[in-house]
Amino acid sequence: MLNRRRFLSLGPLAGLLPSLTFGETTSSVTNQPASGPLVISTWKQIKANEAAIAVLSKGGSALDAVEAGVRIPEADPNDTSVGYGGLPDRDGRVTLDACIMDEKGNAGSVTFLEHIMHPISVARAVMEKTPHVMLSGEGALAFALAQGFKKENLLTKESEKNWREWLKTAQYKPVINIERHDTIGMLAIDSKGNISGACTTSGLAYKMNGRVGDSPIIGAGLFVDNEIGGACATGLGELVMRTCGSFLVVELMRQGRTPQQACEEAARRITSKQAYKDIQVGFLAVNKQGQHGAYSIQPGFNFTLYQDKTNRVLEAGSFLK
Ligand code: SD4
């Protein structure tokens, strides 16, 4: 069997040899091509996956499934990285980023959105009801309100307390996700074999006001090409944006890599070019054949996979051990 260096040295030929394996295996789960509905989410997201599965099991679309799925953590006040209860920026404002992409290559996104509990549904409305892909800040809020979304206070007492505690030192270090985190990227395959994805977050806690991460950027936090597969990312968005992470994963799969190989290579693209020692980035991917991939820079990235009627949390392989 070829080793990894040899594999990579084959250059374009490598893409013609998709059955070769190298590097980490995702988990103990059999990663054989599979048919039937699949849902995969960053981090421990059993309930979000269940909401997506409920849609798929009634024959619903992958697009409806991912929207329904990620709305669960958006509305959960105890999830401090997404929607309601999300930790604020350094000025105490909860600002949200989200995007969604369907099997036809349509995409919608909102960035720097305040006061709306379900940014993913606003992103979907941007996709379906405007000629644009992305709306930001006050414009996104005005659009949401015009669409009938309710204006709400998303800063919970608990998140406000944490922010006030942070203000005592106000030290900002974008070190992220060495601990478990909850920003959700979700990919689903429906019974027709169509793939869609969604990603939603309150971004980095105590970020600068106006900061936008990778999560709402098509090609960074999320990318879907229904002919090939989909990918999403979590972790320090600046590293994902600089490398077009999710687009890269899908393009690597197009060249013949398995989802696992593609996630590993995208992580290596970061570690070979960026300072990464204290930084976490994790990628998830699925391909058209129903195989999945998961890989991160630091150990500790887990994900939730529903496949073959089982919904479970699994550990991803990682570049650092
Ligand atoms: C961001 N990628 O705003 C997001 C944060 C994240 O798990 O994924 N946290 O950079």
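UniProt, in an unreviewed entry, places a "binding site" at R211, V212, G213, D214, T234, G235, L236 and G237. The structure looked at here is a predicted model, so what follows describes that model. Among the annotated residues, D214 sits in the loop between β6 and β7 (222-225). D214 is buried, as its relative accessible area is 3% and the cut-off for buried is under 20%. Leaving out residues up to four places away in sequence, D214 touches A220, G221, A233, G235, G237, V240 and M241. Two of these contacts, G235 and G237, also belong to the annotated binding site. G235 itself is part of strand β8 (residues 229-235), and with a relative accessibility of 11% it counts as buried too.

A second annotation from UniProt, again from an unreviewed entry, marks T183 as "active site". T183 lies in the loop that runs between α6 (157-167) and β5 (184-189). Its relative accessible area comes to 6%, which means that T183 is buried. Setting aside neighbours within four places in sequence, T183 has contacts with T42, W43, S81, V82, T200, T201, S215 and T234. One of these, T234, turns up in the "binding site" list as well. T42 belongs to strand β1 (residues 38-42), while T200 and T201 belong to β6 (195-201), so the surroundings of T183 lead on to the sheet.

That sheet is open and has eight strands, in the order β4-β3-β2-β6-β5-β1-β11-β12, with mixed pairing. At its edges are β4 (134-136) and β12 (310-315), each of which pairs on one side only. Going from one strand to its neighbour, the turn is 10° on average, with direction ignored. Within the sheet, β1 pairs with β11 (residues 302-307) in the antiparallel sense, over four bridges. V39, for instance, has Y306 in β11 as its bridge partner.

Further along, β2 and β3 are also antiparallel, and five bridges hold the pairing. Here L96 is bridged to L113 of β3. The two strands make a hairpin with five residues between them, and in that turn G105 has a positive phi of about 85°. β3 then meets β4 on a parallel course, joined by three bridges; S109 has M134 in β4 as its bridge partner. As for cover, β3 is mostly shielded, with seven of its seven residues buried.

Helix α4 packs on this sheet, where it touches β2 (96-101), β3 (107-113), β4 and β6. The direction of α4 makes about 130° with that of β3.

α4 (residues 119-129) also packs against another helix, α3 (residues 62-74). Two packed helices are described by the angle between their axes and the distance between the axes. For α3 and α4 the angle is about 150° and the axes are 8 Å apart. Angles over 145 degrees count as roughly antiparallel, and α3 and α4 are therefore roughly antiparallel to each other. On the α3 side the contact is made by L63, D64, E67, V70, R71 and E74, and on the α4 side by P119, I120, S121, R124, M127 and E128. Sorted by class, this contact has five nonpolar, one polar and six charged residues.

How values were computed:
Residues numbered from 1 in each chain as written. Predicted model: local features only at pLDDT ≥ 70, side-chain atom pairs only at ≥ 80, totals over all residues. Heavy atoms only, no water. Axes fitted to C-alpha atoms, helices over the stretch in contact; angles between N-to-C directions. Parallel < 35°, antiparallel > 145°, perpendicular 65-115°, else oblique. Contact = heavy atoms within 4.5 Å. Nonpolar A, V, L, I, M, F, W, Y, C, P; charged D, E, K, R; others polar. Pairing = 2+ DSSP bridges. UniProt positions renumbered as here; feature names shortened; annotations may be inferred. Buried < 20%, exposed > 50% of the residue type's maximum accessible area, 1.4 Å probe, protein only.
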